[in-house]
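Please work through the following exercises with the sequence and the coordinates at hand. Each task is followed by a solution that proceeds step by step.

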Amino acid sequence: MHHSYPYKAIKRYVGKALHHYDMIADGDKILVGLSGGIDSFTLLWILNERKKRILIDYDLIAVFVDPGFDDQFGKKLETYCKANEFHLIIDRTDHGLQAHSTENRENPCFLCSRLRRKRLFEIADKYGCKKIALGHHKDDIIETFFMNICYSGEIGTMVPSQSFFKGKFQIIRPLAFIEQETINRFAKETGFPILTNPCPSANSSKRSKIKSLLTELYKSNKKIKGNIFNSMSNVNTEYLLI
C-alpha cells in the first residue's frame with residue numbers, strides 16, 4: 001500500500017506544500033479539523049505518518065466540531081480515532097441547526113462554517129495550538145475561487161497558509177496541491193470509514209453547483225484544471241478593473 005501511486009503523490013505534494021509555505025516547525029502543536037470526510041481523514045493520517053519519517057517533532061490534536069445533526073456521526077469518528085490512537089476532541093454544538101433555522105434560510109453554509117471556524121480558534125487557544133490544519137485540497141481552492149466570483153463579486157480564494165489575529169494563529173492546508181481524485185483513491189486503499197454527511201444542505205449547496213459546472217468544463221480539456229490553479233498565482237493586475 002505504501003508504494004501505491006496515491007500514497008506517493010500525497011506524500012510528495014504534502015511535502016512540497018509544507019516546505020513551500022513553511023507550514024510546520026519543530027515543537028508545533030497542531031489542531032487538525034476533522035469533519036468525518038475523507039479529506040480530513042487523509043490529512044490526519046498523512047501528518048501522523050509523516051512524523052515517523054522526518055526529524056522535526058510536532059503534536060496533533062484532532063477536533064470534530066459536531067454541528068448537532070446526528071449523535072452517531074461523532075461516535076463513529078471516536079471509534080476510528082481510538083482504534084488508530086489519534087487524540088480526538090469532540091465539541092458538541094447546535095451550529096448546523098442554527099444555520100438551518102427559518103431565520104437563516106438564505107445561506108446556511110456560510111453561517112455554519114463561520115461558527116465552526118470561531119469554535120476551532122477557541123479550542124486551539126484552549127489547548128495551546130498555534131496552528132490549525134484543514135483538509136482543503138486543490139479542487140476546493142478552485143471551487144472557492146469561482147464561488148467568490150459568482151456569489152460574492154470578488155476575486156480571491158482559500159490560501160494554503162494564512163495568519164490570523166496578528167499572527168496568533170496560522171491556518172494551514174497541507175493538501176493544497178492534491179486533487180480530489182487522488183484523495184478518493186487513497187481513501188479507498190487505506191480503508192477510511194465512509195460516513196454520510198448528515199447535513200441537509202450537503203448536496204444542494206452553492207459549492208455543488210460550481211462543482212458540477214467545473215466537472216463539465218474539465219471534460220472538454222484536461223489542461224483546464226491546472227491552468228485555473230496556476231492562474232491564481234499568475235495575476236496580471238494591468239488587465240483587471242482595479
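The exercises below concern a predicted model, and they treat one helix, its salt bridges, a loop residue and a surface patch.

**Exercise 1. Helix length**

Task: Determine whether the end-to-end distance of helix α5 agrees or disagrees with the span expected at 1.5 Å a residue.

Solution:
- Step 1. Helix α5 covers residues 108-126, that is, 19 residues.
- Step 2. The expected span is 1.5 Å times one less than the number of residues, which gives 27 Å for α5.
- Step 3. The C-alpha atoms at the two ends of α5 are 27 Å apart, so the two values agree.
- Step 4. Beyond the helix, α5 is followed by Gly-128, which has a positive phi near 70°.

**Exercise 2. Burial along the helix**

Task: State which residues of α5 are buried, and decide how Cys-109 is to be classed.

Solution:
- Step 1. Buried requires a relative accessible area under 20%, and exposed requires over 50%.
- Step 2. The buried residues of α5 are Pro-108, Leu-111, Cys-112, Leu-115, Leu-120, Phe-121, Ile-123 and Ala-124.
- Step 3. Cys-109 is also found in α5, but its relative accessible area is 35%, so Cys-109 is partly exposed.
- Step 4. Apart from neighbours within four places in sequence, Cys-109 contacts Ser-201 and Ser-205.
- Step 5. The C-alpha atoms of Cys-109 and Ala-202 are 9.1 Å apart, although 93 residues separate the two in sequence.

**Exercise 3. Salt bridges**

Task: Of the 13 salt bridges in the whole structure, examine Asp-91 with Arg-119, Lys-118 with Glu-122, and Glu-179 with Lys-225.

Solution:
- Step 1. Asp-91 and Arg-119 meet through their side chains at 2.9 Å, N to O. This pair links distant parts of the chain, since Asp-91 belongs to strand β3 (residues 88-92) and Arg-119 to helix α5, 28 residues apart.
- Step 2. Asp-91 is buried at a relative accessible area of 14%, whereas Arg-119 is partly exposed at 25%.
- Step 3. Lys-118 and Glu-122 form a salt bridge at 3.0 Å, N to O. Both lie in α5, 4 residues apart, about one turn of the helix. An α-helix has 3.6 residues a turn, so residues three or four places apart point the same way.
- Step 4. With 33% relative accessibility, Glu-122 is partly exposed.
- Step 5. The side chains of Glu-179 and Lys-225 meet at 3.2 Å, N to O. Glu-179 is in the loop between β6 (169-172) and α7 (180-190) and Lys-225 is in helix α9, so this salt bridge ties together parts 46 residues apart in sequence.
- Step 6. Glu-179 is partly exposed at 30%, while Lys-225 counts as buried at 12%.
- Step 7. Through shared partners, salt bridges join Asp-91, Lys-118, Arg-119 and Glu-122 into one network.

**Exercise 4. A loop residue and a surface patch**

Task: Establish whether Asp-28 is buried or exposed, and do likewise for Ile-242.

Solution:
- Step 1. Asp-28 lies in the loop between α1 (5-20) and β1 (29-33). Its relative accessibility is 12%, so Asp-28 is buried.
- Step 2. The side chain of Asp-28 makes a polar contact of 2.6 Å with that of Lys-131. Residues touching Asp-28 from beyond four places in sequence include Met-23, Asp-57, Tyr-58 and Asp-59.
- Step 3. Ile-242 lies in the segment after α9 (224-231). At 83% relative accessibility, Ile-242 is exposed.
- Step 4. Ile-242 belongs to a nonpolar surface patch with Ile-149, Ile-155, Val-235 and Leu-240, and the patch has about 510 Å² of accessible area together.

Methods: Residues are numbered from 1 along each chain as its sequence is written. This is a predicted model: local features need pLDDT of at least 70, side-chain atom pairs count only at pLDDT 80 or more; totals for chains, interfaces and linings use all residues. Side-chain values use heavy atoms; hydrogens and water are left out. Buried means under 20% relative accessible area, exposed over 50%, partly exposed in between (1.4 Å probe, protein chains only). A polar contact is a pair of N or O atoms within 3.5 Å; within protein, one must be able to donate a hydrogen and the other to accept it, and residues adjacent in sequence count only if both atoms are side-chain atoms. Contact means heavy atoms within 4.5 Å. Patches are made of residues with over 30% relative accessible area and no salt bridge: like charges are joined within 9 Å, nonpolar side chains (Val, Leu, Ile, Met, Phe, Trp, Tyr) within 5 Å. Accessible areas come from the Shrake-Rupley method with a 1.4 Å probe; for residues, only the protein chains shown count as cover. A salt bridge is a side-chain nitrogen of Lys or Arg within 4 Å of a carboxyl oxygen of Asp or Glu.
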